[in-house]
Amino acid sequence: MNRGVSAQPAVRAAAPTRTIHSRSPEQTSRIGEQIGQGLRAGDVLLLRGDLGAGKTQFARGVAAGLMIPGPIPSPTFTLVNEYDGRDRSGARVPLAHIDLYRLGDGGDLDSLGLDDYLGGAWAVVIEWPERAADDGFVPPTYLDVALVDTGASSRTLVFTVHGDAVRLLDLLGTDAP
Ligand SMILES: Nc1ncnc2c1ncn2[C@@H]1O[C@H](COP(=O)(O)OP(=O)(O)OP(=O)(O)O)[C@@H](O)[C@H]1O
Ligand SMILES: [Mg+2]
């Protein structure tokens, strides 16, 4: 008997994912650069990993991909650094590099204006997004980048699509840079 519940798959399809191993800080940066080159306003990257995992190193590559000249200092104390990025056609892509590690209790998230950065006018890279989890911070669409220290100069990067972000995963080349 048809109860009108057909078409739904019993098990939700696994989120698209990709794992890349990096052997140097420079390689982590080049991987970030591949994504940065295709980043658009409205795109969101959430970078996870312990202290020293390489999140900022990756973010520097993203900035390079948007043709932003360095230096790209860690926004650990400022919480956010803003940059005037450009895509390959020369069109503006404003980049917000955010680090929530030092997010305090209370209104910091509001004063930071996180919702404004996520409103679609910015490409946004966020280190330590889990610091805002208590405030219910989960963007509907983002590429999750988890970095794991796997040795003195090696890191494993696991990319996972959330929501409608498969385009961001596809920015990674078939061969690691
Ligand atoms: N393969 C690698 N990829 C990235 N960083 C590496 C790699 N190998 C060694 N490193 C070193 O690890 C450190 C990464 O520092 P980085 O500031 O990027 O970490 P982070 O995840 O942003 O830390 P924090 O949580 O403090 O912001 C750098 O000193 C870098 O030189
Ligand atoms: Mg950092």
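Helix 1, helix 2 and strand 7 each supply at least two residues of the shell around ligand 1. Helices here are DSSP runs of H or I with at least four residues, strands are runs of E with at least two, and both are numbered from the N terminus. The model is predicted, so local features need pLDDT of at least 70 and side-chain atom pairs count only at pLDDT 80 or more, whereas totals for chains, interfaces and linings use all residues. Residues are numbered from 1 along each chain as its sequence is written, while chains are lettered from A and ligands numbered from 1 in the order in which they are written.

The shell around ligand 1 holds 19 residues, of which Thr28, Gly54, Lys55, Thr56 and Gln57 come nearest; a residue counts as near when its C-beta atom, placed from the backbone, lies within 6 Å of the molecule. By character, the shell divides into four nonpolar, twelve polar and three charged residues. In this division Ala, Val, Leu, Ile, Met, Phe, Trp, Tyr, Cys and Pro count as nonpolar, Asp, Glu, Lys and Arg as charged, and the others, Gly among them, as polar.

The sheet is open and has seven strands in the order 1-7-6-2-5-4-3, with mixed pairing. Two strands pair if DSSP finds at least two bridges between them. Strand 1 (17–22) and strand 3 (80–86) stand at the edges with a single partner strand each, so one side of each is left without a neighbour in the sheet. Direction ignored, neighbouring strands of this sheet are turned by 20 degrees against each other on average.

Helix 1 (residues 25–36) packs on this sheet, touching strand 1 and strand 7 (154–162), and its direction makes about 150 degrees with that of strand 1. Such angles run from 0 to 180 degrees between N-to-C directions, with axes fitted to C-alpha atoms, for helices over the stretch in contact. Contact itself requires that the C-beta atoms of two residues, placed from the backbone, lie within 7 Å. Helix 2 (residues 55–65) also packs on the sheet, touching strand 2 (44–48), strand 3, strand 4, strand 5 and strand 6 (142–151), and its direction makes about 165 degrees with that of strand 5.

Ten of the eleven residues of helix 2 are buried, so this helix is largely enclosed by the rest of the structure. A residue is buried if 20 or more other C-beta atoms lie within 10 Å of its own, exposed if 12 or fewer, and partly exposed in between, with C-beta atoms placed from the backbone. The buried residues of helix 2 include Lys55, Thr56 and Gln57, and these three are among the residues that come nearest to ligand 1. The buried residues of helix 2 pack against helix 1, strand 2, strand 3, strand 4, strand 5 and strand 6. In helix 1, the buried residues include Thr28, Ile31 and Ile35, and their cover includes strand 1, helix 2, strand 7 and helix 5 (166–169).

Leucine 39 is found in the loop between helix 1 and strand 2. With 25 other C-beta atoms within 10 Å, leucine 39 is buried. Residues up to four places away in sequence aside, leucine 39 touches Val62, Gly65, Leu66, Val93 and Ala123.

Strand 7 pairs antiparallel with strand 1 through six bridges, one of which sets arginine 18 against phenylalanine 159. Nine bridges join strand 7 to strand 6, also antiparallel, and these two strands form a hairpin with two residues between them. Side chains alternate along strand 7: Arg155, Leu157, Phe159 and Val161 point to one face and are buried, while Ser154, Thr156, Val158, Thr160 and His162 point to the other and are not.

Toward the other edge, strand 3 and strand 4 run antiparallel and share seven bridges. Their hairpin has five residues between the strands, and glycine 90 in the turn has a positive phi of about 90 degrees. Strand 4 (residues 92–99) and strand 5 (residues 123–127) are joined by five bridges and run parallel.

Some backbone features remain. Most residues other than glycine have a negative phi, and most peptide bonds are trans. A cis peptide bond joins glycine 70 and proline 71, with omega about 0 degrees; proline 71 has its place in the loop between helix 2 and strand 3. Leucine 79 is found in that loop as well, and its phi is near 70 degrees. Tryptophan 128, in the loop between strand 5 and strand 6, has a positive phi near 55 degrees.
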